[in-house]
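This briefing goes through one protein chain, topic by topic. The chain as a whole comes first, then its charged side chains, its surface patches and two asparagines.

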Amino acid sequence: MTATEYGVRQDFPGIKRAAAFFGDLIDREGARSVLEIGAGANPTLSPDDGMRYVLNDVDEVELAKAGPGYATLLGDVSAPGWQAGEQFDFIFSRMVNEHVADGATYYGNIFRALRPGGLTVHCFSTLYAFPFVVNRLLPESVSHVVLDKTKPRDEEHHGKFKAYYSWSRGPTPRNIANFERLGFVVERYNGYFGHGYYGLRAPWLQSLERAKSRFLAKHPNPYLTAYAMVQLRRPAD
């Protein structure tokens, strides 16, 4: 039985609280080998001599931005036939999976890269929150301009990458079944409502968004989440 909870954007552990959230899970699991997918220029954790912490990215330039002291693994985890070359106790990502074009291949590769009994945890944005629907439908050149106007970012370390939202949904029955078909045990699947994209440019809209988020957290619909966190276990052999 999958444990599911709902909350608002501020409860989402994938951004500001990511280091503590993932660090606590790694400690709980007693993981000695950890892979962070899509870490690139922004690894979540610091190098730790007490465990093997490997950063993955598809772009060698992005990996180089992480700085010295990290083990790295260049490659596209969502590519057919991708192999890590080893198995890990714990695999995680944050704000990466919405950029994956083929969720089935991606999570299937992760399953094989986990040791039996290992855990993989992911935090990502989801359809069908309004800004992410717009991001999915608009041409990339247009969505880049819109994002820069609504939420400017440091392009060197927080670049804009194309989003596909394959398997990036809240805890819907269909998505839970997708993970189970690959062999995972879906231990926890949380959904979070609301976003901050109206911000200071439209404060009245942001106030309405906060009110809507609080309402949905009390009366949740998994199809209306803006963010999600999923914990998947590869069963022990």
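Helices (H or I, at least four residues) and strands (E, at least two) are DSSP runs, numbered from the N terminus. In those terms, Tyr223 sits in the loop between H7 and S8. The model is predicted. Its chain holds seven helices and eight strands, and 50% of its 237 residues are buried.

**Chain as a whole**

- Among contacts with a separation of 6 or more, 70% are between residues 24 or more positions apart.
- The exposed area of the chain is about 11700 Å², and 55% of that area comes from carbon and sulfur atoms.

**Salt bridges**

- Side chains of opposite charge can pair when their charged atoms come close.
- The chain has nine salt bridges.
- One of them joins Glu29 to Arg233, with 2.6 Å between the closest N and O atoms. This pair links distant parts of the chain, since Glu29 belongs to helix H1 (residues 18-29) and Arg233 to strand S8 (residues 227-233), 204 residues apart.
- Arg233 counts as buried because its relative accessibility is 16%, which is under the 20% limit.
- Glu29 also forms a salt bridge with Arg28, where the closest N and O atoms are 2.8 Å apart.
- Within helix H7 (residues 203-218), Lys212 and Glu209 are three residues apart, about one turn of the helix. Their side chains meet in a salt bridge at 3.1 Å, N to O.
- The two partners in H7 fall into separate accessibility classes: Glu209 is buried, with a relative accessible area of 7%, while Lys212 is partly exposed at 41%.
- Shared partners join the salt bridges of Arg28, Glu29, Glu187 and Arg233 into one network.

**Surface patches**

- Asp24, Asp27, Asp48 and Asp49 form a negative surface patch.
- Within this patch, Asp48 is placed in the loop between strand S2 (33-36) and strand S3 (52-57).
- Asp48 has a relative accessibility of 41%, so it counts as partly exposed; that class lies between the 20% and 50% limits.
- Tyr128, Tyr223 and Leu224 make a nonpolar surface patch of about 300 Å².
- Tyr223, the loop residue introduced at the start, is partly exposed at 42% relative accessibility.

**Two buried asparagines**

- Which residues does Asn109 touch, not counting those up to four places away in sequence? They are Val77, Ser78, Ala79 and Trp82.
- Asn109 is part of helix H3 (residues 103-113). With a relative accessible area of 3%, Asn109 is buried.
- Asn135 is found in helix H4 (residues 130-137), and its relative accessible area of 16% makes it buried.
- From Asn135 to Lys162 the C-alpha to C-alpha distance is 8.6 Å, with their positions 27 residues apart in sequence.

How values were computed. Residues numbered from 1 in each chain as written. Predicted model: local features only at pLDDT ≥ 70, side-chain atom pairs only at ≥ 80, totals over all residues. Heavy atoms only, no water. Buried < 20%, exposed > 50% of the residue type's maximum accessible area, 1.4 Å probe, protein only. Contact = heavy atoms within 4.5 Å. Areas by Shrake-Rupley, 256 points an atom, 1.4 Å probe, with all protein chains shown as cover. Patch = residues over 30% accessible without salt bridge, like charges linked within 9 Å, V, L, I, M, F, W, Y side chains within 5 Å. Salt bridge = Lys/Arg side-chain N within 4 Å of Asp/Glu carboxyl O. Lys, Arg positive; Asp, Glu negative; His and termini not counted. Charge placed at Lys NZ, Arg CZ, Asp CG, Glu CD.
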